[in-house]
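Here is a short briefing on a protein model. Keep the sequence and the 3D view open as you read.

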Amino acid sequence: MTIDLTRRTLLQLAGTTSLAMAAAAAARAEGHAQGGGPTYASRTPMRVGMVTLRVRNLDKVADYYRDVIGLTVMERSGTAAKLGTSGVTLLVLEARPDAAIEPRTAAGLYHTAFLMPTRKDLARWLVHAASHRVPLSGFSDHLVSESVYLDDPEGNGIEVYADRDPSQWQWSEGSVKMATDELNIPDLLSLTNPRIPDYAKAPDGMRIGHMHLRVGDLAQAESFYHGAIGLDPTRRRSGAAFLSSGRYHHHLGMNVWQSQGAGQRDDQSTGLAWFSLVMAKPELLAAQEERLRKGGVKITTIADGVEAIDPWGTRVRLLRV
C-alpha cells in the first residue's frame with residue numbers, strides 16, 4: 001500500500017491550513033509545554049504505569065486504541081478490555097454503557113501521553129495515522145519533545161510523542177524550558193518512508209510517559225500531587241503546572257483552563273477512573289505511604305500498593321514494581 005503523505009494531507013487531518021495553526025491547536029491542547037522520555041522517564045524513582053478509563057462503547061474504544069495507537073488487546077470480555085505492548089499493560093477500559101459522557105469542564109483526564117521509544121517510531125506512527133485518515137487535533141515541537149494530539153471516540157485526549165535527548169533539555173533554577181513551536185514534519189518524516197506505512201503495532205518500548213489532568217484549583221492540586229504524592233515541580237505557567245520524579249520534564253501535567261472551580265467528579269460518568277505511579281524500589285513505596293499518612297490523606301491498601309484519591313475524586317495508585 002502506498003499513500004501520498006504530504007504536508008497538506010497532515011494539515012487536513014488536523015483540520016487546519018498551516019503549521020502555525022496546528023501549533024496553536026497544540027498550544028491549546030498542552031498549554032505551551034509538553035514532552036516525555038522513554039528510557040529516562042522509566043528510570044526515575046516514580047513513573048506512570050497504567051491508566052484505566054470508563055467508556056460507554058467498549059468495543060469501539062478498544063478497537064480504536066488497537067488500530068490507531070497499535071496496542072495489543074491482551075484480555076477482552078463483555079465488561080472490560082486490557083491493552084498494552086510486549087506483555088506490559090498500559091490501558092484498561094471498563095464498560096459503562098449507560099454512563100454520561102464526562103464534560104470537558106469537569107476535573108478529570110486532559111490526555112494520556114503515549115511515549116514512543118524513538119523519534120523514528122513517532123515518524124512511523126504518524127505515517128500510519130495519516131494513511132488511515134485518523135483525525136488529529138494538533139502537532140507541535142515542545143523543545144524537550146515532539147508531539148501529536150488526537151482524541152479517542154469518546155473524547156478522551158491522547159498525545160503520542162517522542163523525547164529529545166535529556167542532554168538537550170534546558171533547566172534554569174529548577175524549571176525546564178518548554179514551548180509550543182511548529183513541528184518540523186518534513187524532518188520527522190525523513191526518518192521513514194512516508195509512502196509505505198510499516199507501523200503494524202506499538203513498539204515494545206512504548207510506555208505512558210505522562211498524564212495530564214484537568215483540576216479545579218491549581219494550588220490545591222499542587223498541594224496534593226507535590227505535597228502529598230511527592231512529585232517535584234518542573235514548570236509553572238498561567239493556569240497550568242508540571243511535576244515529575246527524578247528531573248524528568250514532567251510525569252504529570254495539571255491545568256484549570258476549562259475546569260477552574262470544578263467540584264467532585266461523578267464516578268458514574270465516563271473518563272479517567274484511575275492511573276498508577278510505579279515505585280522503582282519497594283522501600284520508596286513504604287516511604288510514600290508514610291508520607292501520605294502524615295499528610296492526612298486517606299489511603300486504601302490494595303494489591304501491590306496503596307490508593308489515594310485527589311481532591312476531585314481521581315484515584316491514584318502507588319504500586320511497587
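Seven bridges link strand β1 (residues 46–55) to strand β15 (residues 271–279), and the two run antiparallel. Strands here are DSSP E runs of at least two residues, helices are H or I runs of at least four, and both are numbered from the N terminus. Two strands count as paired if DSSP finds at least two bridges between them.

The model is predicted, so local features need pLDDT of at least 70 and side-chain atom pairs count only at pLDDT 80 or more, while totals for chains, interfaces and linings use all residues. Residues are numbered from 1 along each chain as its sequence is written, and side-chain values use heavy atoms, leaving out hydrogens and water.

**The eight-stranded sheet**

- Across the β1–β15 pair, Arg 47 stands opposite Val 278 in β15.
- Both strands belong to an open sheet of eight strands with mixed pairing, in the order β2-β3-β4-β1-β15-β18-β17-β16.
- Its edge strands are β2 (72–76) and β16 (299–302), each of which pairs on one side only.
- Neighbouring strands of this sheet are turned by 25° against each other on average, direction ignored. Axes are lines fitted to C-alpha atoms (for helices, over the stretch in contact), and angles between N-to-C directions run from 0 to 180 degrees.

**Helices on the sheet**

- Helix α4 (residues 58–69) packs on the sheet and touches β1, β2, β3 (80–85) and β4 (88–95). Contact means heavy atoms within 4.5 Å.
- The direction of α4 makes about 5° with that of β3.
- Helix α8 (residues 282–294) lies across β1, β15, β16, β17 (305–309) and β18 (315–320). Helix α8 runs at about 145° to β18.

**Strand β5 and its partners**

- Eight of the eight residues of strand β5 (residues 108–115) are buried, so β5 is largely enclosed by the rest of the structure. Buried means under 20% relative accessible area, exposed means over 50%, and partly exposed is in between (1.4 Å probe, protein chains only).
- β5 pairs with strand β11 (residues 207–214) in the antiparallel sense over seven bridges. There, Ala 113 stands opposite His 210 in β11.
- β5 is also joined by four bridges to strand β8 (residues 157–163), and these two run parallel. In β8, Ala 113 has Glu 159 as its bridge partner.

**Positive phi in loops**

- Most residues other than glycine have a negative phi.
- Ser 86 has a positive phi, near 50°. Ser 86 sits in the loop between β3 and β4, and is partly exposed at 43% relative accessible area.
- Arg 247 also has a positive phi, near 60°. Arg 247 lies in the loop between β13 (240–244) and β14 (252–255), and is partly exposed at 47%.
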